[in-house]
Amino acid sequence: MPEKLQGMGAIPGVAIGKIMKAGQALDGHLAAYKPGTVEEELEKLNAAVAEVADVLEKSVEQMRAAGHDEQANIMEAHMFLAQDPMLTDGMTAKIEEMGNAPAAVLASAAESAAIFQSMDDEYLRERAADVLDVSKRIARKILGIKEPEVGEDMVVLCGYEVEPSVIAGVPDDKIAGVIMGQGSTTCHAVIIAKSRAIPTVVGIEHQTDEIPEGAKVVLDGHKGLIIIDPDPATLLEYMEKLKQQKEAEARYAALRDLPAVTKDGVEVQLAANIGSPNDAANAAKYGNRGVGLFRSEFVFMGREDIPSEEMQFESYKKAIEACNGELCVIRTMDIGGDKPLPYLNIPHEDNPFLGYRAIRISLNRRDLFMPQLKAILRAGVYGKAAIMAPMVVSVDEILRLRAFVREAMQELEDEGKEYSKSVQLGIMVETPAAAVMTPTFAKYVDFFSIGTNDLVQYTLSVDRVNPNVHYLYNHFHPAVLQLIHRTIKAANDHDIWAGMCGEMASDPYAAVILMAMGINELSMSAPSIPRVKEMIRSVTFEEAKGHLAKVMEMETGEQVLKYLQEAMER
Ligand code: PEP
Ligand code: MG
């Protein structure tokens, strides 16, 4: 048995705990299972479906009560899926064919999952895991297998695939970490673990089988490292790290209501990135000031048709109200790329990240765009709102966007509906073209928000979701830094505000130089806010400017990161 396994760090943090195996093979149980008549097997299916739905419903309630909304939503989707005729009809038919309920459940699930898995886009492929998760639960119920039980120890869940519902079933005070063999960082299991900040390592493939149940492990989510049965010195080292992590968490809690201000009084607004109105309310516990990115495409996803203006209005209103008077930036839907929307029937594209996506769709689909703009303008009455367009590359797009907004206002006037005339209008700077054009674009918008997730991808020609080229993906690359600097300078020169809502905004080292460049706002997933705030409060603006001058002379991203790490350590 190897003592150290190297995977990919999916969620940072250190964990020490005992292995609790999840997602184990059911083969042995299936071989020992004695089926009854077809009628009896069908009854077992129905009973198991009802019990699973019941357990999931309780999970949803617990998760909501603990404020884990994202998790609750996923569990709720599983609860509906468990009872969805699309799934259960297939299972019933298979039982009639095979006469063995658990085997039929798994066979039918494998067929449904294969359909999802054959789909072109990552999001839909990930749904295969949801079908398998729910079906395995049903099969386990029929086989009489108990769900893993948590004892006294802190556990590290471990499996090739750890089902989201299993993670959701372990309470906060018992779960230390998660290890998964598969390599995706966007699957629901990782999303769930992230919303609870559980250190997670993925991508060790079937080496998960070699880690024994009950083994003591150290997990390092920063380095993607797993150490099995650590020696006393290693254990001591990681216990110290864990202690520091806990101390940092306590410090972060104390920072919640303090401003993100440098020692010499320069303030940066730290806002939250959200995917649903509930996220806006949850962000408050991390001390956010407003929302810098509401990814509105999530309002459009997970449905079978376009959400109505009214439905969108309710969502945006709820998010705006949760911002308590701070700005709520609502990005118009960013569909395409890795976020497909089946009911739009967008034809297959060889290069979806360079294809028909985001503002390109919106400007072309009045039936989609007009209700969205009207919903945001109406919701703007309930606080401070902004409209932000994704993937802009030309002045023409901005002018057409502005014309659309004027038209939406006119329609609302004609309909006699109340709306806000002071909703700001901005764009994401996430293409190299936009960054280069910012001195011109600044004449037509109220703000820029830099989307580094795409800006890095397009500037360095590195697919953001391809692990084979991930080593090239670096937001400190000098080419990226120059485009960011140019964007912020253009905003400062034209007296509009500049923010950042890509992942770089959550990097405390980056925050130092972005601040020195003159950025006004950084928007990130809410749990990252305290770390960035602590960093900003630890430096002076003058020091930050000194660091910026040095890094802008450097030739590689690696040099920049090393310099900043060393400077901040000091
Ligand atoms: C970005 O590209 O940086 C961004 C924030 O948008 P998304 O990650 O949704 O593409
Ligand atoms: Mg983007």
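**Close-up 1. Helix H9 packing against helix H20 in the predicted model.** Let's start where helix H9 (residues 232-255) meets helix H20 (residues 529-537): their axes are 9 Å apart and cross at an angle of about 80 degrees. Angles of 65 to 115 degrees count as roughly perpendicular, so H9 is roughly perpendicular to H20. From H9, look for Arg251, Tyr252 and Leu255. Facing them in this contact are Pro530, Arg531, Lys533, Glu534 and Arg537 of H20. Sorted by character, the residues of the contact between H9 and H20 include five charged and three nonpolar ones, with no polar residue.

**Close-up 2. Helix H19 packing against helix H21.** Here helix H19 (residues 508-517) packs on helix H21 (residues 541-551) at an angle of about 100 degrees, and the axes lie 8 Å apart. This pair, too, can be described simply: H19 is roughly perpendicular to H21. H19 brings Val512, Ile513, Met515, Ala516 and Met517 to the contact. H21 answers with Phe541, Ala544, Lys545, His547, Leu548 and Val551. Nine of the residues in the contact of H19 with H21 are nonpolar, one is polar and one is charged.

**Close-up 3. The surroundings of ligand 1.** There are 14 residues around ligand 1, and those that come nearest are Arg295, Arg331, Gly451, Asn453 and Arg464. To follow the polar contacts, begin with the side chain of arginine 464, where an N or O atom is 2.8 Å from an oxygen atom of ligand 1. Glutamate 430 also uses its side chain, placing a polar atom 2.9 Å from a ligand 1 oxygen atom. Aspartate 454 takes part through its backbone, with an N or O atom 3.0 Å from an oxygen atom of ligand 1. Taken alone, ligand 1 exposes 290 Å², and the protein buries 99% of that.

Terms used
Residues numbered from 1 in each chain as written. Chains lettered and ligands numbered in written order. Predicted model: local features only at pLDDT ≥ 70, side-chain atom pairs only at ≥ 80, totals over all residues. Heavy atoms only, no water. Axes fitted to C-alpha atoms, helices over the stretch in contact; angles between N-to-C directions. Helix = DSSP H or I, 4+ residues; strand = E, 2+ residues; numbered from the N terminus. Parallel < 35°, antiparallel > 145°, perpendicular 65-115°, else oblique. Contact = heavy atoms within 4.5 Å. Nonpolar A, V, L, I, M, F, W, Y, C, P; charged D, E, K, R; others polar. Near = heavy atom within 4 Å. Polar contact = N/O pair within 3.5 Å; in protein donor to acceptor, adjacent residues only side chain to side chain. Areas by Shrake-Rupley, 256 points an atom, 1.4 Å probe, with all protein chains shown as cover.
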